[in-house]
Amino acid sequence: MSATSPPYRPISDYALIGNTHTAALVGRDGSIDWCCLPHFDSGAVFCRLLDTERGGFLRLGPAGEHSSSRRYGEDGPVLETEFTVPGGRVRVTDFMHSARIAQSRLGIDDPHCHRLLRRVDGLAGCVTLELTFRPTFDFARKPAEISLTPDGARASATDEILLLRVTPAAKLKLNEGTVSAHLDVRAGERLWVVLSHGGAQAGNDSLVAADPEALLEETRRHWREWQALCTYEGPYVPQVRRSAMVLKLLSFAPTGALVAAPTSSLPEQIGGVRNWDYRYCWLRDAALVLHALMSIGYHEAAMDFFRWLEALGESEREGDLQIMYRLDGGRDLPEHELHHLAGYRGSAPVRTGNAAVGQKQLDVYGHVLDAALRCLEEMNEPIRPGLRAVLRRLADRAAACWREPDQGLWEVRGPPQQFVSSKLMCWVALDRALRLEAAGKLQGDVPGWRRERDAVRAAILEQGYNAAAGAFTQVLGGNALDASALLMPLVGFLPATDERMISTVRCIAEQLSAHGLVCRYRSEDGLAGGEATFAICSFWMVDNLALQGRLDEARALFERIAAFSSDLGLLSEQIDPVSGELLGNYPQGFTHLALIQSALTIDAVQRRQREGAEP
């Protein structure tokens, strides 16, 4: 980083806006430092998040010293930021509208046009705003041709166009690939900055936005209608609703796939190499997300994902399903290191693609079948033939492969091992397949499924529990601990009050915790460096404490984890419990779905206790 490069902002300084096609991160200073267009897994047009010198951005904020406050309205991911300077105050409203909404209700013809809209309202006095537009197509790998237009600017690369419009028109300057302007906004005045993206064939007319006021109202109405579906009424309504909004924003509307996070290469440790691209659909993550959404009233997301899974099964009929896919179902996710980018706070390498796509992760079978059972039971829906075939294949694979080593839930890049969590989720896969068959929703090798389910259970109980260590371990016959053992009560393998689970929870709290939060494991995993505490593991601890009847401890830990969230309620993959810094890709679906599940667990146990029942 050069001496003139601006400092990196804390990850928690960023707000998320999106349109269920892609998303953008907006800094507290009004700078959009991350956005991939047109889709989550497309190349980034703004990536200052990963390199403050080379990465592009779109800033709209005060030119000088200022203070700011921000919030999401009650109508979802419409971000309102108020900037105050000595001479005045303005509000900037940021949002992305859904192309699907705009087509269906506003008569916009181009389904490939995506827009990012910013409205400025003068609230008091006069504020001078800086507008700076610096696109860097495809992670700053494609040269951009930029020119000024009568009402803004036009930037293009080989296969895409960005059109910036400022209304009312302002005097813009172009210098070395950067468009800039100073905009004076007085009380009562309003201006719009609209960025439209389209393919290379798109003309300027097709990129010009419809009435932006109508787009804003339509976006707000859409999100109000969606949020009204939420059925959660427990003690953590704000946190649950915010997490549900995040999960919805991580969904890809055209196919029903879900991304693990909207970002790539945010580090698990500052200066470390554990920097991964999470802009793809993991079957495990998607299954867990849809179950969390289903649990609080959002059924449509589940059906969208199952339709995507069914289509995937049709295209993958001859081979084994991968653990992850591109959002359109594509199999090809080659991992590349982008050496020209410095990485967030110097945390190199920056990566696109993900080599874990080729790993064997046996736990996936159980997560998908568990989600299928719970969702289909709740909706009382018949299983379509194509989906039935996919679920049967997953059960058969679990029966055939559970004895094999794999890379496990945590995608270790070392040699395959006999991970207990993988065996556990194979047991779940076979157990759920048998329950689906008993309900008349699935046919298959029932005797074989039952035989292998019982065999894997016996193996876990005999070889997965280390009496000397007093805990279920990371691998069969091993000594090292792994927080994934906390899943056992959550999937119904053992009750949380089983003495072995009580002992395991105690050992994890003593040996895998840091300042009250939980790490995944401390064993060697084939990679250099370390990581912070893993948020989902801490929420699993919440669940176990609640299910053991330790409600005060469960609530205290839940609230401690939630307190690390950003001012907007967003959480990343990992938390440094000493500094409070959020680390890893952000916001993270795994974390937010776990928050929802823990809130539901606490609520359910509280209700049972009030009714005089056991946890």
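## Charges, cavities and backbone features in a predicted model

The side chain of Lys423 makes a polar contact with the side chain of Gln418, at 2.4 Å. Lys423 is part of helix α10. The structure is a predicted model, and the values below are computed from it.

Lys423 is a useful place to start. Which side chain of opposite charge is nearest to Lys423? It is Asp406, at 5.7 Å, and Lys423 has no salt bridge although it is buried. A salt bridge requires a side-chain nitrogen of Lys or Arg within 4 Å of a carboxyl oxygen of Asp or Glu, so the 5.7 Å between Lys423 and Asp406 does not qualify. The contact with Gln418 is a polar contact between side chains.

**Salt bridges**

Side chains of opposite charge can pair when their charged atoms come close. How many salt bridges does the structure hold? There are 51. Three of them are set out here.

| Salt bridge | N to O distance |
|---|---|
| Asp51 and Arg54 | 3.2 Å |
| Glu80 and Arg220 | 3.1 Å |
| Glu335 and Arg413 | 3.1 Å |

In the pair Asp51 and Arg54, the two partners differ in burial class. Asp51 has a relative accessible area of 2% and is buried, because buried means under 20%. Arg54 has a relative accessible area of 42%, so Arg54 counts as partly exposed.

The side chains of Glu80 and Arg220 also meet in a salt bridge. Glu80 belongs to strand β7 (residues 79-85) and Arg220 to helix α4 (residues 212-227), so this pair ties together parts that are 140 residues apart in sequence. Are these two residues buried or exposed? Both Glu80 and Arg220 are buried.

Glu335 and Arg413 form another salt bridge. This pair links distant parts of the chain, 78 residues apart. Glu335 is in the loop between β19 (324-325) and β20 (336-337), while Arg413 is in the loop between α9 (385-401) and α10 (420-438). Glu335 is partly exposed, with a relative accessible area of 25%. Arg413, at 29% relative accessibility, is partly exposed as well.

Salt bridges can also share partners. In this way Arg9, Asp13, Arg28, Asp29, Arg59, Arg70, Glu130 and Asp567 are joined into one network.

**Cavities**

Rolling a probe the size of a water molecule over the atoms shows where empty space is left. Across the whole structure, a search finds six cavities of 30 Å³ or more.

The largest cavity holds about 290 Å³ of space. It is lined by 23 residues, and those closest to its centre are Tyr278, Trp410, Glu411, Arg520 and Glu573. Which classes make up the lining of the largest cavity? Twelve residues are nonpolar, two are polar and nine are charged.

The second largest cavity holds about 90 Å³ of space. Eleven residues line the second largest cavity, and Lys248, Ser251, Gly256, Ala301 and Asp304 lie nearest its centre. Three elements give two or more residues to this lining: β16 (251-252), β17 (257-258) and α7 (299-315). By class, the lining of the second largest cavity has five nonpolar, three polar and three charged residues.

**Backbone features**

Most residues other than glycine have a negative phi, and most peptide bonds are trans. Some places in the model depart from this pattern.

Two cis peptide bonds can be described. One runs from Leu37 to Pro38, with omega near 5°. Pro38 is located in the loop between β3 (31-36) and β4 (44-46). Another cis bond joins Thr167 and Pro168, with omega about -5°. Pro168 is in the loop between β12 (160-167) and β13 (173-175).

Positive phi values appear as well. Where does Thr20 lie? Thr20 is in the loop between β1 (15-18) and β2 (23-26). Its phi is positive, about 60°, although Thr20 is not a glycine. At 6% relative accessibility, Thr20 counts as buried, because the limit for that class is under 20%.

Arg345 is likewise a residue other than glycine with a positive phi, near 50°. Arg345 is found in the loop between β20 and β21 (351-352). With a relative accessible area of 39%, Arg345 is partly exposed.

Methods:
Residues numbered from 1 in each chain as written. Predicted model: local features only at pLDDT ≥ 70, side-chain atom pairs only at ≥ 80, totals over all residues. Heavy atoms only, no water. Buried < 20%, exposed > 50% of the residue type's maximum accessible area, 1.4 Å probe, protein only. Helix = DSSP H or I, 4+ residues; strand = E, 2+ residues; numbered from the N terminus. 1 Å grid on protein atoms, 1.4 Å probe; cavity = no way out; pocket = protein on both sides within 12 Å on 5 of 7 lines; lining within 4 Å. Points joined across faces, edges and corners; volume = space filled by probe spheres on them. Nonpolar A, V, L, I, M, F, W, Y, C, P; charged D, E, K, R; others polar. Lys, Arg positive; Asp, Glu negative; His and termini not counted. Polar contact = N/O pair within 3.5 Å; in protein donor to acceptor, adjacent residues only side chain to side chain.
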